[in-house]
Amino acid sequence: MGRDGNDLFFVTGIDKRKVRNLRRDPRLSVTVNPPDEPYGYAVISGTARFESAGSRERMDELAIKYTGKIYVEHHPESYANLPELITVYLTPQKIAARFL
């Protein structure tokens with residue numbers, strides 16, 4: 001999960017079930033649970049929108065964030081077989097949180 005301004009985003013295959021479901025009903029919620037606060041959480045709800053252009057670059061951005069390497073360096077065996085990608089953006093409309 002990445003952040004672009006106020007929006008959150010993730011990259012997935014265009015043929016995935018989650019994409020089909022979000023195209024049918026674009027409502028989306030994400031729950032964030034920090035590992036150092038097991039009883040704390042934030043739920044971000046809103047509407048999904050899709051963008052194909054730049055999805056491989058977004059995937060590399062997330063790979064660097066989580067592994068320190070671009071995707072092809074971290075998963076060279078699967079890079080050649082990647083499906084067509086799409087970026088799913090979540091535009092927040094409601095945020096609920098509880099931290100102790």
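Reading from the N terminus, the elements of this protein follow the order β-β-α-β-β-α-α-α-β. In total there are four helices and five strands. Please keep in mind throughout that what we are viewing is a predicted model.

Let me begin with the overall dimensions. The C-alpha trace spans about 45 × 35 × 25 Å along its principal axes. The accessible surface of the protein comes to about 6700 Å², and carbon and sulfur atoms account for 52% of that surface. Of the 100 residues, 30% are buried. As for charge, the protein carries 15 positive and 13 negative side chains, with the centres of the two sets 8 Å apart.

I turn now to the sheet. How are its five strands ordered? The order is 1-2-5-4-3, the sheet is open, and the pairing is antiparallel. At the edges stand strand 1, residues 2-4, and strand 3, residues 27-32, each of which pairs on one side only. On average, neighbouring strands of this sheet are turned by 40° against each other, with direction ignored.

Two helices pack on this sheet. Helix 1, residues 17-24, touches strand 2, strand 3, strand 4 (41-51) and strand 5 (85-98). The direction of helix 1 makes about 130° with that of strand 2. Helix 2, residues 55-67, also packs on the sheet, and its contacts are with strand 1, strand 2, strand 4 and strand 5. For helix 2, the angle between its direction and that of strand 2 is about 105°.

Next, the N-terminal end of the sheet in closer detail. As a general reminder, strands of a sheet pair through backbone hydrogen bonds, in either a parallel or an antiparallel sense. Here, strand 1 and strand 2, the latter being residues 7-13, pair in the antiparallel sense over three bridges. Within this part of the sheet, Gly2 stands opposite Phe9 in strand 2.

The loop between strand 1 and strand 2 contains Gly5. Why is Gly5 classed as partly exposed? The reason is that its relative accessible area is 48%, and the partly exposed class lies between under 20% for buried and over 50% for exposed. Gly5 and Arg49 are 44 residues apart in sequence, and their C-alpha atoms are 15 Å apart in space.

Finally, a word on contacts across the chain. Among those between residues at least 6 apart in sequence, 68% join residues at least 24 apart. With that, I conclude the presentation.

Key. Residues numbered from 1 in each chain as written. Predicted model: local features only at pLDDT ≥ 70, side-chain atom pairs only at ≥ 80, totals over all residues. Heavy atoms only, no water. Pairing = 2+ DSSP bridges. Axes fitted to C-alpha atoms, helices over the stretch in contact; angles between N-to-C directions. Contact = heavy atoms within 4.5 Å. Buried < 20%, exposed > 50% of the residue type's maximum accessible area, 1.4 Å probe, protein only. Areas by Shrake-Rupley, 256 points an atom, 1.4 Å probe, with all protein chains shown as cover. Lys, Arg positive; Asp, Glu negative; His and termini not counted. Charge placed at Lys NZ, Arg CZ, Asp CG, Glu CD.
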